[in-house]
Amino acid sequence: MAKLGLRARLFFSHITVMIVGVSTLLAVGKFYSPHFFVLHLIQLEASGMRSLYVVRRQLLEGFESAWSRGALWSVAIGGSAAGGLSYLVSKRIMRPLIQMERITRKVAAGHLEERLPSSEIPELNRLALSFNQMAAELEGVEQRRRELISDLTHELRTPLTVVEGYLEGLADGTIDPTTDIYQRLAREAARLRRLVNDLQELSQAEAGYLPIHARPFDIYPLLAALVQKFSDQLIEDGPNLKLECPNDLPLALADPERVEQVLVNLIGNALHYTIAGSITVRAWSKPKMVWIAVIDTGYGIADEDLPHVFERFWRADRSRDRNSGGTGIGLAISRRLVELQGGTIDVESELGKGSSFRFSLPIA
């Protein structure tokens, strides 16, 4: 029964109990009831009764008495055997259920590292696997929540400390109220506002509340405008920004403003981490999807860091100044925006050689 399901196990358990009870009844009736009846006949012979009526009555009474005693023993033995077997079977089935209840209570109490062991019953084993997957996801959510609070605290502490220091200096007269001081305070306030806005947008995107107005549109004009816009901002000895897009690219079914938001973030990151070389914005089509990639020859990302690229507040170089590195939420927002429009986003990178961020959009 090691590979039988729970339904089959319960069915065969009940059948086994019934067979044991019936077999016991038949066995006792076959071997003990005749013995009781013979004993009664011997008693009749010893009494010397010869009357036919009396003998017949005594025979009937003897048979009923023998059958009753045999049935009593059959019920006692069969009931004991069936009850014992039922207890063993139910205990074997209930043991993993009791263990599940104990572990679920521990998980509910906050011990998210607890896991259910595998079971020889397929249904219970599938339940254990599903529970373990749920517990692992809850553990990951809790870990990400703690990391989010820690990162958010770190992000807020820096500008608040700067603002507090300047305000205290202005209040006690150790810092002169110059235009430069007020500009620094304004920059720190802008950083706080940008962080709050990004967090709000990320929370809305992850909850699915961010409005997406998808419609068929031509990607090429958007790509050309963005490449021209960023090219005007490049310094003379900076990287070369170019566009590779075929003329017959099909229309994409997406929100142009959200697609522009994703591209601005990707191109901006590429420009930030590419001192020299080239940045290529490339577009092509595959069955049912249009793909857009931003390929640079910048610093690149280490292999161990690639799985974390789209996480909140993740940055390849934690030591970089936040003024130059942004809030660390842009890629998380970009991933969610692409997913809300029915596409996917991924990255390929090699440290020291550059990165390639690409995402897809449905074809209209």
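Among the elements of the chain, confidence is lowest in helix α8 (residues 322-325), with a mean pLDDT of 45, and highest in strand β5 (residues 289-296), with a mean of 94. Over residues 318-325 the pLDDT is below 50, and this stretch has 15 contacts in the model beyond near neighbours in sequence. These values apply to a predicted model. For the chain, the mean pLDDT is 77, and 72% of the residues reach 70 or more.

The overall architecture comes next. The chain contains 9 helices and 7 strands. It has 364 residues, of which 32% count as buried. The accessible surface of the chain comes to about 22100 Å², and carbon and sulfur atoms account for 59% of that area. Among contacts between residues at least 6 apart in sequence, 70% join residues at least 24 apart.

One part of the surface can be described residue by residue. M94, L97 and I98 form a nonpolar patch there, with about 240 Å² of accessible area together. I98 belongs to helix α3, which spans residues 52-108. With a relative accessible area of 47%, I98 is partly exposed, because that class lies between the limits of 20% and 50%.

The account now turns to strand β4. This strand covers residues 278-286 and includes R282. Leaving aside neighbours within four places in sequence, R282 is in contact with E244, W291, I292, A293 and I295. The contact with E244 is also a salt bridge between the two side chains, at 2.8 Å from N to O. Since R282 lies in strand β4 and E244 in strand β2 (residues 240-244), the pair ties together parts that are 38 residues apart in sequence. R282 counts as partly exposed at 32% relative accessibility, and E244 also counts as partly exposed, at 33%. A further relation in space involves L223: its C-alpha is 8.9 Å from that of R282, although the two residues are 59 apart in sequence.

K286 lies in strand β4 as well. Not counting residues up to four places away in sequence, K286 touches W291 and I363. W291 is thus a partner of K286 and is also among the contacts of R282. K286 and S360 are 74 residues apart in sequence, yet their C-alpha atoms are 9.4 Å apart in space. K286 is partly exposed, with a relative accessible area of 44%.

The salt bridges offer another view of the chain. The structure holds 7 of them. One of these joins R115 to E139, with the closest N and O atoms 2.7 Å apart. R115 is placed in the loop between α3 and α4 (122-172), whereas E139 is in helix α4, so the pair ties together parts that are 24 residues apart in sequence. R115 counts as partly exposed at 29% relative accessibility, and E139 does so at 33%.

A salt bridge within a single helix is found between R336 and E339. Its closest N and O atoms are 3.3 Å apart. Both residues lie in helix α9 (residues 330-340), and their separation of 3 residues is about one turn of the helix. R336 is partly exposed, with a relative accessible area of 22%, and E339 is likewise partly exposed, with 38%.

Technical notes
Residues numbered from 1 in each chain as written. Predicted model: local features only at pLDDT ≥ 70, side-chain atom pairs only at ≥ 80, totals over all residues. Heavy atoms only, no water. Patch = residues over 30% accessible without salt bridge, like charges linked within 9 Å, V, L, I, M, F, W, Y side chains within 5 Å. Areas by Shrake-Rupley, 256 points an atom, 1.4 Å probe, with all protein chains shown as cover. Salt bridge = Lys/Arg side-chain N within 4 Å of Asp/Glu carboxyl O. Helix = DSSP H or I, 4+ residues; strand = E, 2+ residues; numbered from the N terminus. Buried < 20%, exposed > 50% of the residue type's maximum accessible area, 1.4 Å probe, protein only. pLDDT = per-residue confidence, 0-100. Contact = heavy atoms within 4.5 Å.
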